[in-house]
Amino acid sequence: MKRIMSLLLVFLLALSVCACSKEGGSVAVFENGVYVPQEDLEITVWQTQGTDYTAKALDGSVVEEWLVNKTRVKVKNIYGNDGGQWDAKLSKLVAGDNLPEILACGAYQGPAHFAKLNALKQVWELTPEMLQKYAPNVWKRVPQRYWEAIKVDGKILGIPYNNQSSKETLPDATDRELEIIDTLFKTPVNDVSIGNLHCLFVRDDILKMIYPEAKTWDELVALLEERQEPMGEELLDIPIDTTEEYIDFMYKIQELNLKEGGKTVYPFGYYGGDNWCALAWLGADMYGYKGHAYTGTWNDVTKEIEIPIAGEVVKEAARMQNKMLADMVIDPDSMAHTTAQAKEKMLNGLYAIAPINGVSDIITVNDSLEKQGKSFRYRPFITQIPAQEGYGAFEEDQMWTSSLCILKTVDENQLYQILNWLDVQFTDEWDSVRHWGPEEAGLYTVGEDGKRQFVDERFTKYFVDGNTDALKPEEGKGLHGTIGYNTGGLFTVAATATTRWTPKVHLEKITYKPALNSGFKFKSDSEHVTSVKMYPPCQGWSSIYADIPEVVTFWAEREQWENMFKVAMAAPVGEFDEKWDEAVEDLNAIVDVELMEEKMTEIARPLAEILEQEQ
């Protein structure tokens, strides 16, 4: 009897520790209230942002090893759009019955993609109850208004990540830590660059040939090292204040007839893909509609949403680039470039003005030029062309940076396991591991003051001081911030990009590097920042427009209409207007642009009125 009672007691204790939940025929195992994965799972991720995507995994990543061991989920593959738009790639994947397990979106996108997948019955709905059970940290660290905003047809189909740093998204951070995060990593929108994180760059040697008073990269870096504070105003030393002066500058570069390594140096070249580089970057910079995307914007004069690619402002910018392509002021080969081809030309200095942010970052490119023994560097190319009427500087009311959805290529048990994998990446522990490595890896020590220090001084120089020469990227153990490699494998997520465990934040190391999101940003009290207005969401990818059929069609057929405008850009000069007008007609045959604008305006206008009252 004693033996029977003992066995019964052991059984009851086991039940209290391990509980099995049965839902829809699936079994999920919990121990002490924590989900326990039962099998290894390999997944593939489709990154839909941009026209192409590449990622490198790092052998010996202690971060990836920790995550795989804890969740039993490993990302085995990741791919992009194969040089096109996501809609064309989607058609191929559906036709071949080859969809991945996860679809990821960048650039504040998501709901429009999720709506298309929902129409195809290919995406899992994530109910609040499911999220609270299998991904409680995700549920807690994503603000409730984000959950409401990301819904499609009243359903949560995706998860926002890389969200704005706040007390909601970083509940374990102190007020001091949040203050440091804002100081170091918040980049205000301004009225002179294409965006708060984007601008074009120019070879400093060529710039000084035409404008001797302009500073070189080395002079700007020296000034930053001396001041150690944001100095956006110092970038405004290029005396280009009109569209005519901008165009004249590009033609003057061509007249220099420069060569580099025996090859022609073009005044400009695209980075390939769609029309974004041409019309949202160069065209916007040259013609005074900076920050206004051709795929949708808010006109502050008419108080309406408009699709600029169907209007005259963007057409004018395209017409000039059509002429520049014919005159070989813009590299004609760049119309068909892959990202790799464009990057190679920029790394060799073959573009005087270069869209570096489309292929890399300025520090990486200039480091490469230095190692090659080149005498020049690229520096920010920021002009002060006045905004056209209705196209003033603005900031959208944005929430998340990235989002993802889980596709029905996984069964219910695998869905729960992927949710748990995501949940682990929304914990404070994950924030610690991705910045410092797991404790057992021995990469850091903890002092009596509770502050961490890397054991290897090279890690301190690289991850804290920002000295990219201190450590080879392949030696970085997969820590966040390792240049050229994704954190912890081919694909991972986080509640916020910056956390209380970010080394500079944890150690209160307030320094600035020569980048647009650091030392070359504008201070929040700059006149170039205070002039910026807040607009309602005005892009079709915003969740508030996800239920408009025309918007869904507009994005679903994007590659088709993008290519038509690209054909017009490359047409003989005398045929440009005819080809462009045909492209606009064809776009309207795909979707009624005016009706789409009206429906979007109906939603946006009340939000705009509220924002106006608050400003």
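**Notebook: surface patch, rings, a helix and salt bridges**

I began with I603 and found that this residue lies in helix α24, which covers residues 593-614. I noted that the model is a predicted one.

**Entry on the surface patch**

I looked up how exposed I603 is. Its relative accessible area is 31%, so I603 is partly exposed. I then asked which residues make the nonpolar surface patch of about 210 Å². I recorded I603, L607 and I610 as its makers. I kept a general remark beside this entry: an α-helix has 3.6 residues a turn, so residues three or four places apart point the same way.

**Entry on aromatic pairs**

I looked up how many aromatic pairs there are, and the count comes to 28. I examined W66 and W430, which form a stacked pair with 6.0 Å from centre to centre and 25° between the planes. This pair links distant parts of the chain, since W66 belongs to helix α2 (residues 62-71) and W430 to helix α17 (residues 428-436), 364 residues apart. I checked whether the two residues are buried or exposed. W66 has 11% relative accessibility and therefore counts as buried. W430 has 0% relative accessibility, so W430 counts as buried too.

I turned next to W561 and F565, an edge-to-face pair with 6.5 Å from centre to centre and 85° between the planes. Both residues belong to helix α22 (residues 558-569), and because they are four residues apart they are separated by about one helical turn. I found W561 buried, with a relative accessible area of 0%. F565 likewise counts as buried, at 0% relative accessibility.

I also followed ring pairs that join into a cluster. The members are W436, Y444, F454, F459, Y462 and F463.

**Entry on charges over rings**

I looked up where the charged end of R203 sits. I found it over the ring of F376, 3.7 Å from the ring centre. In a further case, the charged end of R452 sits over the ring of W501, and here the distance to the centre is 4.0 Å.

**Entry on helix α16**

I compared the expected span of helix α16 (residues 412-424) with the span in the model. At 1.5 Å a residue, its 13 residues should span 18 Å, and the end C-alpha atoms are 19 Å apart, which agrees. I then asked why α16 can be described as largely enclosed by the rest of the structure. Ten of its 13 residues are buried, so the description holds. I listed the buried residues of α16 as L415, Y416, Q417, I418, L419, N420, W421, L422, D423 and V424.

**Entry on salt bridges**

I looked up the number of salt bridges and recorded 34 in the structure. I inspected three of them.

In one, the side chains of E64 and K74 meet at 2.9 Å, N to O. E64 lies in helix α2 and K74 in strand β5 (residues 73-79), so the pair ties together parts that are ten residues apart in sequence. E64 counts as buried because its relative accessibility is 13%. K74, at 34% relative accessibility, counts as partly exposed.

In another, the side chains of K345 and D331 meet at 2.7 Å, N to O. K345 is part of helix α14 (residues 339-347), while D331 is in the loop between α13 (312-326) and α14, so this bridge ties together parts that are 14 residues apart in sequence. I found D331 buried, with a relative accessible area of 0%.

I also noted the bridge between the side chains of R458 and E475, at 3.0 Å, N to O. R458 lies in helix α18 (residues 457-464) and E475 in the loop between α18 and α19 (503-506), so the bridge ties together parts that are 17 residues apart in sequence. R458 is partly exposed, with a relative accessible area of 34%, and E475 is partly exposed as well, with 31%.

I then looked for bridges that share partners. Such salt bridges join K215, R227, E234, D237 and R379 into one network.

**Entry on I510**

I looked up where I510 is found, and I placed this residue in the loop between α19 and α20 (527-530). With a relative accessible area of 35%, I510 is partly exposed. I closed with the separation of I510 and T242, which are 268 residues apart along the chain. Their C-alpha atoms are separated by 37 Å.

Technical notes. Residues are numbered from 1 along each chain as its sequence is written. This is a predicted model: local features need pLDDT of at least 70, side-chain atom pairs count only at pLDDT 80 or more; totals for chains, interfaces and linings use all residues. Side-chain values use heavy atoms; hydrogens and water are left out. Patches are made of residues with over 30% relative accessible area and no salt bridge: like charges are joined within 9 Å, nonpolar side chains (Val, Leu, Ile, Met, Phe, Trp, Tyr) within 5 Å. Accessible areas come from the Shrake-Rupley method with a 1.4 Å probe; for residues, only the protein chains shown count as cover. A salt bridge is a side-chain nitrogen of Lys or Arg within 4 Å of a carboxyl oxygen of Asp or Glu. Helices (H or I, at least four residues) and strands (E, at least two) are DSSP runs, numbered from the N terminus. Buried means under 20% relative accessible area, exposed over 50%, partly exposed in between (1.4 Å probe, protein chains only). Rings of Phe, Tyr and Trp (its six-membered ring) pair if their centres lie within 6.5 Å; planes under 30 degrees apart count as stacked, over 60 as edge-to-face and the rest as tilted. A charge sits over a ring if NZ of Lys or CZ of Arg is within 6 Å of the ring centre and within 35 degrees of the ring normal. The expected span of a helix is 1.5 Å times one less than its number of residues.
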